Amino acid sequence: MQRITVSLDDETAAILDRHVAARGYASRSEAVRDLVRDHVGRDEASGQRPAIGILSYMFDHERRDLARKLTHTHHDHHVLNLSTLHLHLDHHLCLEVAVLRGAAMEIQNLADQVSSERGVQFGDLRLIARDPAGDRSTILEPVNAPRPGDFKRAT
Ligand code: NI
């Protein structure tokens, strides 16, 4: 057990005390422990939220091996792929926009792989969470970076 000291302004402290009283916590510490667990748990779970990803990036298709590597990465995550748009911008430069559907973390993982490939420029991911009820969508913040070994698929 670690003891930490937290400073709260009066208003926030009053909110915490009302929460402690309403839930019947024995102490503020017990309430704070639950709040932290709930909050972090929700963040971690959000990686599994069904989402739509719009991944865009530019690259030089003549750069050694790059086009082949990118194609390979996309095929490794083919279940996420809804559609890919490829534009030949000039003699060298390509713009690709991939529309993806799947768990937010898996989409983020693919986006990170593509964007971090040497020679890929302006990699950008927009993640849109689909509300389970289906009547509302929200923009998701980038989810936590996956740990090595997460979402490895059998190939
Ligand atoms: Ni092209």
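Here is a walk through the fold, from the overall layout down to one hairpin and one helix. Keep in mind that this is a predicted model.

Start with the parts list: the chain has four helices and five strands. Follow the sequence and they come in the order α-α-β-α-β-β-α-β-β. As for how the chain packs, 16% of its 155 residues count as buried. Take the contacts between residues at least 6 apart in sequence, and 64% of those join residues at least 24 apart.

Now look at strand E2, residues 81-88. How many of its eight residues are buried? The count is zero, so E2 is hardly covered, given that being buried takes 20 or more other C-beta atoms within 10 Å of a residue's own. What E2 does have is a partner: seven bridges join it to strand E3, residues 93-103, and the two run antiparallel. To get your bearings in this pair, find Thr 84, whose bridge partner in E3 is Ala 98. The link from E2 to E3 is a hairpin of four residues.

Move on to helix H4, residues 104-115. Here the picture is one of enclosure: nine of the twelve residues of H4 are buried, so the helix is largely enclosed by the rest of the structure. The buried set takes in Ala 104, Met 105, Glu 106, Ile 107, Gln 108, Asn 109, Leu 110 and Ala 111, along with Val 114.

The length of H4 also checks out. At 1.5 Å a residue, its twelve residues should span 16 Å, and the C-alpha atoms at its ends are 16 Å apart, so expectation and model agree.

Note on methods: Residues are numbered from 1 along each chain as its sequence is written. This is a predicted model: local features need pLDDT of at least 70, side-chain atom pairs count only at pLDDT 80 or more; totals for chains, interfaces and linings use all residues. Two residues are in contact if their C-beta atoms, placed from the backbone, lie within 7 Å. Two strands pair if DSSP finds at least two bridges between them. The expected span of a helix is 1.5 Å times one less than its number of residues.
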